[in-house]
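Visitor: I'm new here and I like asking how people know things. Could we look at this one together, with a reason for every label?

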Amino acid sequence: MCTDLADGHRMNAQQFFESAQVSSHAVCDPALSMGRRILEGVTATRNRIGTNTNLGILLLCVPLAKAAENVNSDLQSSLAETLEKLELR
């Protein structure tokens with residue numbers, strides 16, 4: 001287990017590994033919207049780690065995971081379509 005804290009943000013590598021594990025279920029759940037995947041990923045991370053270690057990664061990976069679910073299109077086209085469908089509510 002890594003215990004050394006990185007300068008500036010007081011987090012260690014093990015926290016990032018654990019964050020990935022606990023948020024992966026939300027990222028890959030096809031029943032959830034992109035916003036819900038991000039929220040549930042952040043919530044799972046905060047509950048386990050107690051700090052934000054992966055919001056940026058979630059914001060990057062959730063649209064990619066959603067786009068990868070479209071088996072009728074290549075990833076680049078599917079990602080463009082996925083991003084075009086984003087809405088603010």
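**Labels and where they come from**

Guide: Let's start at Arg46, which sits in helix H2. Keep in mind that this is a predicted model, where local features need pLDDT of at least 70, side-chain atom pairs count only at pLDDT 80 or more, and totals for chains, interfaces and linings use all residues. Numbering starts from 1 along each chain as its sequence is written, and side-chain values use heavy atoms, leaving out hydrogens and water.

Visitor: What makes something a helix here, and how many does the protein chain have?

Guide: A helix is a DSSP run of H or I with at least four residues, a strand is a run of E with at least two, and both are numbered from the N terminus. By that rule the protein chain has 4 helices and 0 strands. From the N terminus on, the order reads α-α-α-α.

Visitor: Back to Arg46: why is it called partly exposed?

Guide: The label compares relative accessible area with two cut-offs: under 20% is buried, over 50% is exposed, and in between is partly exposed (1.4 Å probe, protein chains only). Arg46 comes out at 45% relative accessibility, so it counts as partly exposed.

Visitor: And what does Arg46 touch?

Guide: Leaving out residues up to four places away in sequence, Arg46 touches Thr51 and Asn52; contact means heavy atoms within 4.5 Å. Its C-alpha atom is also 9.7 Å from that of Val22, although the two are 24 residues apart along the chain.

Visitor: What about Ser23, is it buried or exposed, and how do you know?

Guide: Ser23 is at 3% relative accessibility, so it counts as buried. This residue belongs to helix H1. Beyond its neighbours within four places in sequence, Ser23 is in contact with Gly41, Thr45, Asn54 and Leu58.

Visitor: Which label does Thr53 get, and why?

Guide: Thr53 has a relative accessible area of 7%, so buried is the word. You'll find it in the loop between H2 and H3. Skipping neighbours within four places in sequence, its contacts are Met11, Gln15, Phe16, Ser19 and Thr45.

Visitor: Met11 is on that list. Where does Met11 lie?

Guide: Met11 is in the segment before H1. With a relative accessible area of 11%, Met11 is buried. Its C-alpha is 8.6 Å from that of Thr51, and 40 residues separate the pair in sequence.

Visitor: How much of the whole protein chain is buried?

Guide: Of its 89 residues, 27% are buried.

Visitor: How do you know how H1 and H2 sit against each other?

Guide: You fit lines to the C-alpha atoms over the stretch in contact and take the angle between N-to-C directions, on a scale from 0 to 180 degrees. H1 (residues 13-27) and H2 pack at about 145°, with axes 8 Å apart. Their crossing is right-handed, the name used if the near helix is turned clockwise from the far one, whereas anticlockwise by less than a right angle would be left-handed.

Visitor: What kinds of residues make up the contact of H1 with H2?

Guide: There are 5 nonpolar, 5 polar and 4 charged residues. Nonpolar means Ala, Val, Leu, Ile, Met, Phe, Trp, Tyr, Cys or Pro; charged means Asp, Glu, Lys or Arg; the others, Gly among them, are polar.

Visitor: And what about H2 with H3?

Guide: H2 (residues 34-49) and H3 (residues 55-68) also pack at about 145°, with axes 10 Å apart. H2 contributes Met34, Arg37, Ile38, Gly41 and Val42, while the H3 side includes Leu55, Leu58 and Leu59. By class, that contact has 9 nonpolar, 1 polar and 2 charged residues.

Visitor: What makes a space a pocket?

Guide: On a 1 Å grid over the protein atoms alone, a pocket is an open set of points with protein on both sides within 12 Å along at least five of seven lines, and lining residues have an atom within 4 Å of a point. The largest one is lined by 16 residues, with Ser33, Met34, Gly35, Lys85 and Leu86 nearest its centre. H2, H3 and helix H4 (75-84) each supply at least two residues of that lining.

Technical notes. On a 1 Å grid over the protein atoms alone, a cavity is a set of points where a 1.4 Å probe fits but cannot get out, and a pocket is an open set with protein on both sides within 12 Å along at least five of seven lines; lining residues have an atom within 4 Å of a point.
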